[in-house]
Amino acid sequence: MFDLEDFRAETRAWLEENCPASMREPVRSEADICWGGRNFEFKNEDQRLWLDRMAAKGWTAPTWPEQYGGGGLSPEQAKVLREEMARINAREPLKSFGISMVGPAIIKWGSEELKQQHLPKICRGEIRWCQGYSEPGAGSDLAGLQTKAEDKGDHYLINGQKIWTSYAHKADWIFCLVRTSWEGKKQEGITLILFDMETPGVEARPIRLISGASVFCETFFTDVKADKKQVVGEVNKGWTYAKYILTHEREMVSAIGGDASAVDALGVQSLDSVGADELGRLDDPILRGDIARWEIDQLGFRLTLERAKDEAKAGEGVGHYSALLKYAGTELNKRRLELKVAAEGAGGLAWEGQAWRNGALAKEWLRSKANSIEGGTSEVQLGIIAKNVLGMK
Amino acid sequence: MATLVLDDEQKMLREAAMRFMAEKAPVAQLRALRDGEGEAYDRATWEAMAEMGFPGALVPEEHGGAGFGHVAMGQIMEAGGRTLAASPLFATGVAGASALMLAGSEAQKAELLPKVAAGELLCALAVDEGMRHTGKAPATTAAPEGDGWKITGQKANVADGGIAGLIVVSAVTPEGATALFLVEAGARGLEVEKVAMADSRDAAILRFEGTPAAALGETGQGAAALASLLDICNAHLAAELIGIAGRAFEDTLAYVQERKQFGVTIASFQAIQHRAAHLFGEIEQARSLVLAALSGLDEGAEGLPRLISAAKAKAAAVADLATNEGVQLHGGVGMTDAFDIGLFMKRARPAAQLFGDERYHAARFATLSGY
């Protein structure tokens, strides 16, 4: 067996040599995040270099098979890599719905052809993906989706509309849930299919949000031709794959509650704006109590993330942690931003101007309100816990 | 960081403790003790606990204990919380044993720890002077007298204060240092006033009037030992609170899956489902904190006082939530003495109050975090 400590030493040396200094600084804005894709504009040469070097090692997707562009690492090695990256504050080289969502489903159910076509490009950050799930009439009741795919021999003809499609206007390809059957239960007529966002008939319109940003789109499909070879797994079995991807998405979203940059710092950071009393305590006793309770809850949440991983390794666990963690993590992040805004006073609500970082906090606060809606609302998660974990019916 | 799963030995002990408490110290026993004329604990059950090695779980083998450690003792405390086991385990096996181990001289440890581990010597820890824990230095004084000391002052909310043979008392020396002292039950000038509490356990107010005492170890090290001692106590009270919350939740879940209204079980209602799911998540997150605190004690983790305050605060909050929701979701029968849920509520609160409730520990957490 490959010795883990050797691997750690090699990894440390390689990162030391290959991670540019500017890629070891905290992510300060959206522009610092590398999303990849055909039209992605790298912020600087370091960002491009870091992606290319990590991709060449297969470390943008460390545990994926090497033959498809992954790193072929064991879970233990991947943990070492994460730890070593964290040690030098290395940024993620690539943020990708391809890696966090559709990729695992292609690996698990996709044809060999699909794997060879898509996975290497995902690993190299060449293609940016978006997720075609929600529709105007199918939000929490996702299985009620109506986007229609008609069988036309070698292709499907797709008509319908998606909504809340994150970054659809910037994505190259979409993994899309379509209805291929109106027979039987609504869950049994859904197919997961992949197609290029440049296909004629695809139109993505950004939606202006309360934060002023437009990260979500309405996405329209008018007589879009999608090759049948791009169906993931079996026709009409898409609901199973969709739920699998949602589990990955929940895990990704729940991580927000354990955001390392927020850890342990809220109370201390608030001293700057709130001030301290003669004993060094935050000079607003009720806010201090609220923050202490939040920090305690967040510590419990972070330890539960760790425990879930430890139990998974030991082959035990309560199961369905993903719904619990998604619910708890997103509610915590909303509370964090409420407290941050409260600590900053009216300054936390400023919208423009250099002094207020152009309203970054106010916009982050508003953005967080979507945390408990996207990827399945808090109410949907509570329903999943009640039914699937607690057996309530 | 330590792994947050139990090892095989800890798992076996947990299962054994769960079985023991369910068979030998069930909620029915607490009811019988409450309604009877005798003591607030059952001697035969305590002897059986001693045979299992529970009172000596923290005591090293060289002093007659099992040396299982804090994670293991925490499993026993949780198991006891699940059945509201009314026993001297906490005051003797956690507080008394830890006081002797932390502060005692070699001679005191050699003499007293074997008796504690065997369940022969019951202990009580007398720290608080009012009915709320404040974390302030004691007003109770200790003055040298002959070879020993004499104690003067008052202690309140002393768990097992009325049944203990050995009382560990915090007091301030003439030099102004906080130190720990040992007072024997029945000593001259010691007055014991039993206080009946909501949980039907033994609690007392103790008054000392020039009561003879022996210093526990070196008087100069008392403040640090007391701080560590209270941390240990709070980690184990948190473990008990997890047991209380977990069982209150399970009883409630079983009840709503049985109770029918409008022709269906009330567990089928979303209003009930979401409250239950939220509570379940809170208990699991509190459990992670308590496990981290216990394994931190075993491994001497950094920042332990802060972690333990977080664990006690969260466990107390979750036990409040579980018992409040428990009574509400039981409906009218939740208010009756016939159902156990109310007994869980009546133990959750005193267990949280002892050595600092949720608010106290949230505030301490903030102080230790630097704000």
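This is a short talk about the contact between two chains and the largest cavity in the structure.

Okay, hi everyone. One thing up front: this is a predicted model.

Let's start with the interface. Chain A puts 40 residues into the contact, and chain B puts in 43. The area buried between chain A and chain B comes to about 3,300 Å², with carbon and sulfur atoms giving 64% of that. On the chain A side, the three residues to look at are Ile296(A), Arg307(A) and Met392(A), which supply 20% of the area that chain A buries against chain B, more than any other three residues.

What about polar links? Between the chains we count 17 residue pairs in polar contact, both partners at pLDDT 80 or more. There are also 3 salt bridges between chain A and chain B. One of them joins Lys314(B) to Asp297(A), with 2.8 Å between the closest N and O atoms.

So which helix of chain A gives the largest share of the side that touches chain B? That's H8(A), with 16 residues. Helices H7, H9 and H11 of chain A each bring at least two residues as well. Sorted by type, that side of chain A has 20 nonpolar, 14 charged and 6 polar residues.

Now, cavities. The structure holds 5 of 30 Å³ or more, and the largest has a volume of about 300 Å³. It's lined by 24 residues, and the closest to its centre are Ser87(B), Phe90(B), Arg201(B), Glu240(B) and Arg347(B). H4(B) gives the most to the lining, 4 residues. By type, the lining splits into 14 nonpolar, 6 charged and 4 polar.

That's it from me, thanks.

Key. Residues are numbered from 1 along each chain as its sequence is written. Chains are lettered from A and ligands numbered from 1 in the order in which they are written. This is a predicted model: local features need pLDDT of at least 70, side-chain atom pairs count only at pLDDT 80 or more; totals for chains, interfaces and linings use all residues. Side-chain values use heavy atoms; hydrogens and water are left out. Contact means heavy atoms within 4.5 Å. Buried area is the accessible area (1.4 Å probe) that two parts lose on being put together, summed over both. A salt bridge is a side-chain nitrogen of Lys or Arg within 4 Å of a carboxyl oxygen of Asp or Glu. A polar contact is a pair of N or O atoms within 3.5 Å; within protein, one must be able to donate a hydrogen and the other to accept it, and residues adjacent in sequence count only if both atoms are side-chain atoms. Ala, Val, Leu, Ile, Met, Phe, Trp, Tyr, Cys and Pro count as nonpolar, Asp, Glu, Lys and Arg as charged, and the others, Gly among them, as polar. On a 1 Å grid over the protein atoms alone, a cavity is a set of points where a 1.4 Å probe fits but cannot get out, and a pocket is an open set with protein on both sides within 12 Å along at least five of seven lines; lining residues have an atom within 4 Å of a point. Grid points are joined across faces, edges and corners, and a volume is the space filled by probe spheres set on the points.
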